[in-house]
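Q: I would like a close look at a single part of this protein. Please take it step by step and then place that part within the chain.

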Amino acid sequence: MHLPEIPPRRGARRRDRHGRGVRGPLIPPALPAWKSRSEQFDRIVSRAAAKLLDRNESLAGTEFGVEEIPPSDPSPWEEHAVTLGRAFPADRATGVPARVVIYRMPVVGRVEGTRDTAEFVGMVLAEQAAGLLGVQPWDVDPDYPRD
């Protein structure tokens, strides 16, 4: 049996069932909640990196970056631990600057709240930067806990 095709009503919208019009955004763009979680994390990392760069002239030229997850092939010394970040030394032959990469998903999975995230990100970046410079993390960031 073949049913006749019903043409759509004129002016009918799929999301306008009760004639209230198209819905607007729930949060105005000026509020912090408008940003996505990854954008909020990027902002936290950039603030922590700027703080490290201001305190250490030896980190000048170091690039800081964020990736979602670590690569699936860990380094031999990273076999039994979850990688939170990595530091890559500069390659003078090719002109590639030193880089510090922090992985968003493992970091966010270990903390609760924005304040804890900012503190933890600062610690991870300090550890990675200290690894690049061959010093202790509290030498790079005086706020790093010594216990």
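Which residues lie nearest the centre of the largest pocket, and how many residues line it?

A: In this predicted model, the largest pocket is lined by 15 residues. Nearest its centre lie Q40, F41, I44, T114 and T117. The volume of this pocket is about 400 Å³. By type, its lining consists of seven nonpolar, four polar and four charged residues.

Next, the elements behind the lining. At least two lining residues come from each of α1, α2 (104-108) and α3. The most is given by α1, which supplies six residues.

Two of these helices also take part in the largest nonpolar core, which has 19 residues: α1 (37-55) and α3 (113-133), together with the strand β3 (99-103), each supply at least two residues of this core. Within the core, I102, V107, V121 and L125 have the most contacts. I102 can be followed further. Beyond its neighbours within four places in sequence, I102 is in contact with residues including F41, V45, V107, V121, V124 and L125. F41 thus appears both among the contacts of I102 and among the residues nearest the centre of the pocket.

Finally, the chain as a whole. It has four helices and three strands, in the order α-β-β-β-α-α-α from the N terminus. Of its 147 residues, 26% are buried. Among contacts between residues at least 6 apart in sequence, 55% join residues at least 24 apart. The accessible surface of the chain is about 11500 Å², and 52% of that surface belongs to carbon and sulfur atoms.

Key:
Residues are numbered from 1 along each chain as its sequence is written. This is a predicted model: local features need pLDDT of at least 70, side-chain atom pairs count only at pLDDT 80 or more; totals for chains, interfaces and linings use all residues. Side-chain values use heavy atoms; hydrogens and water are left out. A nonpolar core is a set of buried Ala, Val, Leu, Ile, Met, Phe, Trp, Tyr and Cys residues joined through side-chain atoms within 4.5 Å. Buried means under 20% relative accessible area, exposed over 50%, partly exposed in between (1.4 Å probe, protein chains only). Contact means heavy atoms within 4.5 Å. On a 1 Å grid over the protein atoms alone, a cavity is a set of points where a 1.4 Å probe fits but cannot get out, and a pocket is an open set with protein on both sides within 12 Å along at least five of seven lines; lining residues have an atom within 4 Å of a point. Grid points are joined across faces, edges and corners, and a volume is the space filled by probe spheres set on the points. Ala, Val, Leu, Ile, Met, Phe, Trp, Tyr, Cys and Pro count as nonpolar, Asp, Glu, Lys and Arg as charged, and the others, Gly among them, as polar. Accessible areas come from the Shrake-Rupley method with a 1.4 Å probe; for residues, only the protein chains shown count as cover.
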